[in-house]
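Take a walk through this protein chain with the structure open beside you. The route goes from a single side chain to the whole fold and back to the details.

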Amino acid sequence: MSDPGSTTTAVEAAGDVVGPVRLAGADKTMGQLVATATAEMSALVHDEIALAKAELRQDVKRGVTGGVAGTVAGVLALFSLPVLSFAAAYGIHNLGLGLAWSFLIVGAAFLLLAGLAALLAMTKFKKVKPPERSLASAKQTAAVLQNAKPHPRGAKDPSTSVARSSA
């Protein structure tokens with residue numbers, strides 16, 4: 001059993017204690033029940049926030065990669081415009097296979113690289129998804145809380161009312 005001088009109860013000795021609040025027993029006070037509920041809600045909210053952060057961090061990384069690839073595609077396409085313009089001007093001027101064809105080949109190579117970067121950007125953006133696990137967890141929590149009903153109070157008995165001071 002327990003030591004007569006010990007203040008540990010059988011419930012506490014069994015390991016059913018979280019901090020100063022006992023998890024089992026019929027002798028809980030209203031304050032202990034509120035403290036337990038508050039601690040559990042706080043832990044639940046912290047866990048859901050951590051889950052949302054982890055999911056969003058992964059999606060942000062994918063979004064940044066797609067954004068960089070899209071930017072590279074835009075820059076390469078922009079750089080190809082002067083080259084293609086010079087190539088077209090030299091091509092019309094020469095009408096032969098001289099310097100103009102080299103400009104066209106370089107311009108086409110830039111456009112090919114821009115197309116590949118745009119394809120990479122599209123595949124990365126398609127992989128970005130909403131944080132499904134966090135949303136499902138939040139919906140489940142909301143459903144549980146909507147179904148929770150407060151304990152009905154019994155009929156008020158005037159003999160059990162507590163006198164309150166006006167101080």
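Is Asp59 buried or exposed? At 12% relative accessibility, Asp59 counts as buried. Here buried means under 20% relative accessible area, exposed means over 50%, and partly exposed is in between (1.4 Å probe, protein chains only).

A word on the source comes before the tour. This is a predicted model, in which local features need pLDDT of at least 70 and side-chain atom pairs count only at pLDDT 80 or more, while totals for chains, interfaces and linings use all residues. Residues are numbered from 1 along each chain as its sequence is written, and side-chain values use heavy atoms, with hydrogens and water left out.

Now the confidence. pLDDT is the predictor's confidence in each residue, from 0 to 100. The protein chain averages 74, and 65% of the residues score at least 70. Among the elements, helix α2 has the highest mean pLDDT, at 84. Helix α1 (residues 10-13) has the lowest, at 45. Residues 1-6 stay under 50, and the model has 0 contacts for them beyond four places in sequence. A contact means heavy atoms within 4.5 Å. Residues 8-15 also stay under 50, but for this stretch the model has 9 contacts beyond four places in sequence. Where pLDDT is low, the predicted coordinates should not be read in detail.

Next, the overall plan. The protein chain has 4 helices and 2 strands. From the N terminus on, the order is α-β-β-α-α-α. Helices (H or I, at least four residues) and strands (E, at least two) are DSSP runs, numbered from the N terminus. Of the 167 residues, 12% are buried. The accessible surface comes to about 13000 Å², and carbon and sulfur atoms hold 68% of it. Such areas come from the Shrake-Rupley method with a 1.4 Å probe; for residues, only the protein chains shown count as cover. Among contacts with a separation of 6 or more, 64% join residues 24 or more positions apart.

Back to the charged side chains. Side chains of opposite charge can pair when their charged atoms come close. The rule used here asks for a side-chain nitrogen of Lys or Arg within 4 Å of a carboxyl oxygen of Asp or Glu. It gives 2 salt bridges. One is between Arg133 and Glu55, at 2.9 Å from N to O. This pair links distant parts of the chain: Arg133 is in helix α4, Glu55 is in helix α2, and they are 78 residues apart. Arg133 is exposed, because its relative accessible area is 54%. Glu55 has 7% relative accessibility, so it counts as buried.

Asp59 returns in another salt bridge. Its partner is Arg62, and the closest N and O atoms are 3.5 Å apart. Both residues lie in helix α2, 3 residues apart, about one turn of the helix. Arg62 is partly exposed, because its relative accessibility is 26%.

Follow the pairing of helices α2 and α4 a little further. Thr141 is found in helix α4 (residues 132-147). At 17% relative accessibility, Thr141 counts as buried. Leaving out residues up to four places away in sequence, Thr141 touches Leu44 and Glu48. Glu48 also features in a backbone distance. Its C-alpha atom is separated by 7.4 Å from that of Ala138, although the two are 90 residues apart along the chain. Ala138 is in helix α4 too, and it is partly exposed because its relative accessibility is 34%.

Helix α2 (residues 30-94) holds several more stops. Thr36 lies in this helix and is buried, because its relative accessibility is 13%. A polar atom of the Thr36 side chain lies 2.9 Å from the backbone oxygen of Gln32. Val75 is also in helix α2. Val75 and Ala114 are 39 residues apart in sequence, yet 8.0 Å apart in space, C-alpha to C-alpha. Val75 has 34% relative accessibility, so it counts as partly exposed.

Finish on the surface. Val60, Val64, Val68 and Val72 make a nonpolar patch of about 330 Å². Patches are made of residues with over 30% relative accessible area and no salt bridge; like charges are joined within 9 Å, and nonpolar side chains (Val, Leu, Ile, Met, Phe, Trp, Tyr) within 5 Å. Val72 is partly exposed, because its relative accessibility is 38%.

Conventions: Polar contact = N/O pair within 3.5 Å; in protein donor to acceptor, adjacent residues only side chain to side chain.
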